[in-house]
Amino acid sequence: VFNIDLVNMKLVITKDEESAVDDLNSENGLKISSENANIKITSTSATKKHLEVFSIGGQKLHESSFVHSTNVPLSKGYYIVKVTDSKAKLCKKVGVF
């Protein structure tokens with residue numbers, strides 16, 4: 001479960017053991033990487049995915065949808081990347097340098 005505590009301005013990530021939603025990962029054809037001050041996300045799946053990028057402090061910096069790939073230009077630093085589709089989700093900390 002992915003929550004943003006706006007009162008305390010922090011990001012809270014917990015694993016819901018009873019969730020029927022699988023985790024997206026490289027086995028599901030999803031790859032998240034950083035290169036040249038961009039977060040690059042690629043997928044082999046033709047399913048539409050929803051992307052959200054947050055600062056470590058929990059501020060939403062980017063939101064979009066994509067199918068096979070997308071690039072998000074960002075300043076140097078660490079970010080939380082959340083990718084979801086109709087059946088799965090992934091939340092990952094990514095460094096951009």
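What follows is a short chat about a predicted model, starting from Glu52.

Me: What kind of model is this, and how are residues numbered?
Reply: The model is predicted: local features need pLDDT of at least 70, side-chain atom pairs count only at pLDDT 80 or more, and totals for chains, interfaces and linings use all residues. Residues are numbered from 1 along each chain as its sequence is written, and side-chain values use heavy atoms, with hydrogens and water left out.

Me: Where does Glu52 lie?
Reply: Glu52 lies in strand E6, residues 49-55. Strands (E, at least two residues) and helices (H or I, at least four) are DSSP runs, numbered from the N terminus.

Me: Is Glu52 buried or exposed?
Reply: Glu52 has a relative accessible area of 11%, so it counts as buried. Buried means under 20% relative accessible area, exposed means over 50%, and partly exposed is in between (1.4 Å probe, protein chains only).

Me: Which residues is Glu52 in contact with, leaving aside neighbours within four places in sequence?
Reply: Lys60, His62, Glu63, Ile80, Val81 and Lys82. Contact means heavy atoms within 4.5 Å.

Me: Which salt bridges does Glu52 form?
Reply: Glu52 forms one with Lys60, where the closest N and O atoms are 3.0 Å apart, and another with Lys82, at 3.8 Å from N to O. Lys82 is in strand E9 (residues 77-84) and Glu52 in E6, so this pair ties together parts 30 residues apart in sequence. A salt bridge here is a side-chain nitrogen of Lys or Arg within 4 Å of a carboxyl oxygen of Asp or Glu.

Me: Why can such side chains pair?
Reply: Side chains of opposite charge can pair when their charged atoms come close.

Me: How many salt bridges are there by this rule?
Reply: The count is 3. Besides those of Glu52, Glu63 forms a salt bridge with Lys60, with the closest N and O atoms 3.2 Å apart. Glu63 is partly exposed at 44% relative accessibility. Through shared partners, salt bridges join Glu52, Lys60, Glu63 and Lys82 into one network.

Me: And Lys60, how exposed is that?
Reply: Lys60 is partly exposed, with a relative accessible area of 40%.

Me: New topic. How many residues has the largest nonpolar core?
Reply: The largest nonpolar core has 15 residues, and those with the most contacts inside it include Ile41, Leu51 and Val81. E4 (30-35), E5 (38-43), E6, E9 and E10 (88-96) each supply at least two of its residues. Such a core is a set of buried Ala, Val, Leu, Ile, Met, Phe, Trp, Tyr and Cys residues joined through side-chain atoms within 4.5 Å.
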